[in-house]
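Open the model in your viewer and keep the sequence panel visible. The stops below are meant to be selected one after another.

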Amino acid sequence: MDRGLIGQAVSKFIIGFAVTGILIFLPAGTFDYWNAWLLLGVLFIPMLLAGIVMILRNPELLRKRLKMKEEETEQKNVIKISICMFALGFVTAGCNYRFGWILIPEWISWAAAGIFLLAYLLYVEVMRENMYLSRAVEIQEDQKVIDTGLYGIVRHPMYSVTIILFLSMPLILGSVISFVIFLIYPVVLVKRIENEEKVLREGLEGYETYQKKVRYRMIPFIW
């Protein structure tokens, strides 16, 4: 068992949990913010379980998922914008709870949590189908085009799932204003996909044929 990989995974998990908590609870001015605890639960408990499974069964996939360094300039810009979006969205949600700007019914937050968990199951399925699934846009050694399962429906099922996951988050936190902020993500994602497909066409054998076979990028019959 790779202790270095485990240490890296554990440290990133702890840092992610702590930073997310700070960004939400500090502006909320209290720990008595049940929506925040609900989000932390549905976000980090499945993440912990998925990490344990990958360590035991597919450590190489975990290594790829932990890799954050991008070589493409456009992808670096996308990551910067996404980080700013998350920070602003979480801080706004905390302020929304603290000052009571726009409150939504509790059932919406619970429904959003249910949708988040269902989307996370799809996230796990995408990882099971694609062993080359790195966070960074790159062509890996011996990489092949995956065209079965969810990849036979859309070319980027991981991005389709992350849109559902990320747009559920502000609703779990009970913040309509944060939801509007998180709408930046689908727009940014379009730019990421355009650049990623350019890299794949140039470096991955068979990808152009796959594009003709599977017409839609993220949303069937739409885009």
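A residue counts as buried when its relative accessible area is under 20%, as exposed when over 50%, and as partly exposed in between. With that cut-off in hand, select Phe 44: its relative accessibility is 5%, so Phe 44 is buried.

Before going further, colour by confidence, since this is a predicted model. The chain has an average pLDDT of 89, and 93% of the residues score at least 70. Among the elements, the lowest mean pLDDT, 78, belongs to helix H3 (residues 59-66), and the highest, 98, to helix H7 (residues 176-182). Where pLDDT is low, the predicted coordinates should not be read in detail.

**Aromatic pairs**

Now show the aromatic side chains; the structure holds 16 aromatic pairs. Keep Phe 44 selected and add Phe 13. The two ring centres are 5.6 Å apart and the planes stand at 90 degrees, so Phe 13 and Phe 44 form an edge-to-face pair. This pair joins distant parts of the chain, with Phe 13 in helix H1 (residues 3-28) and Phe 44 in helix H2, 31 residues apart. Phe 13 has a relative accessible area of 23% and therefore counts as partly exposed.

Next, select Tyr 33 and Tyr 97. Their rings make a stacked pair, with 4.1 Å from centre to centre and 20 degrees between the planes. Here too distant parts of the chain are linked: Tyr 33 sits in the loop between H1 and H2, Tyr 97 in helix H4 (residues 73-99), and 64 residues separate them. Tyr 33 is buried at 0% relative accessible area, while Tyr 97, at 31%, is partly exposed.

For the last aromatic stop, select Phe 86, Phe 90, Phe 166, Phe 182 and Tyr 185, which ring pairs link into a cluster.

**Helix H6 and Asn 35**

Select residues 157-172, helix H6. How far apart are its end C-alpha atoms, and does that agree or disagree with a span of 1.5 Å a residue? The 16 residues should span 22 Å, and the end C-alpha atoms lie 23 Å apart, which agrees. Then colour the helix by accessibility: 14 of the 16 residues of H6 are buried, so the helix is largely enclosed by the rest of the structure. After H6 comes Gly 174, which has a positive phi, near 75 degrees.

From there, go to Asn 35, in helix H2 (residues 34-57). Which backbone oxygen does the side chain of Asn 35 reach? It is that of Ile 172, at 3.1 Å. Show the residues around Asn 35: leaving aside neighbours within four places in sequence, its contacts are Ser 109, Ile 172, Leu 173 and Gly 174. Asn 35 has 7% relative accessibility, so it counts as buried.

**Cysteines**

Finish with the sulfur atoms. How many disulfides does the structure hold? The count is zero. A disulfide is a covalent bond between the sulfur atoms of two cysteines. Select Cys 84 and find the closest cysteine sulfur: it belongs to Cys 95 and is 16 Å away, too far for a bond. Cys 95 is likewise in no disulfide, its nearest cysteine sulfur being that of Cys 84. Is each of these residues buried or exposed? Cys 84 is exposed, at 52% relative accessibility, whereas Cys 95 is buried, at 17%.

Conventions. Residues numbered from 1 in each chain as written. Predicted model: local features only at pLDDT ≥ 70, side-chain atom pairs only at ≥ 80, totals over all residues. Heavy atoms only, no water. pLDDT = per-residue confidence, 0-100. Helix = DSSP H or I, 4+ residues; strand = E, 2+ residues; numbered from the N terminus. Expected span 1.5 Å × (residues − 1). Buried < 20%, exposed > 50% of the residue type's maximum accessible area, 1.4 Å probe, protein only. Polar contact = N/O pair within 3.5 Å; in protein donor to acceptor, adjacent residues only side chain to side chain. Contact = heavy atoms within 4.5 Å. Disulfide = S-S within 2.5 Å. Phe/Tyr/Trp six-rings, centres within 6.5 Å; stacked < 30°, edge-to-face > 60°.
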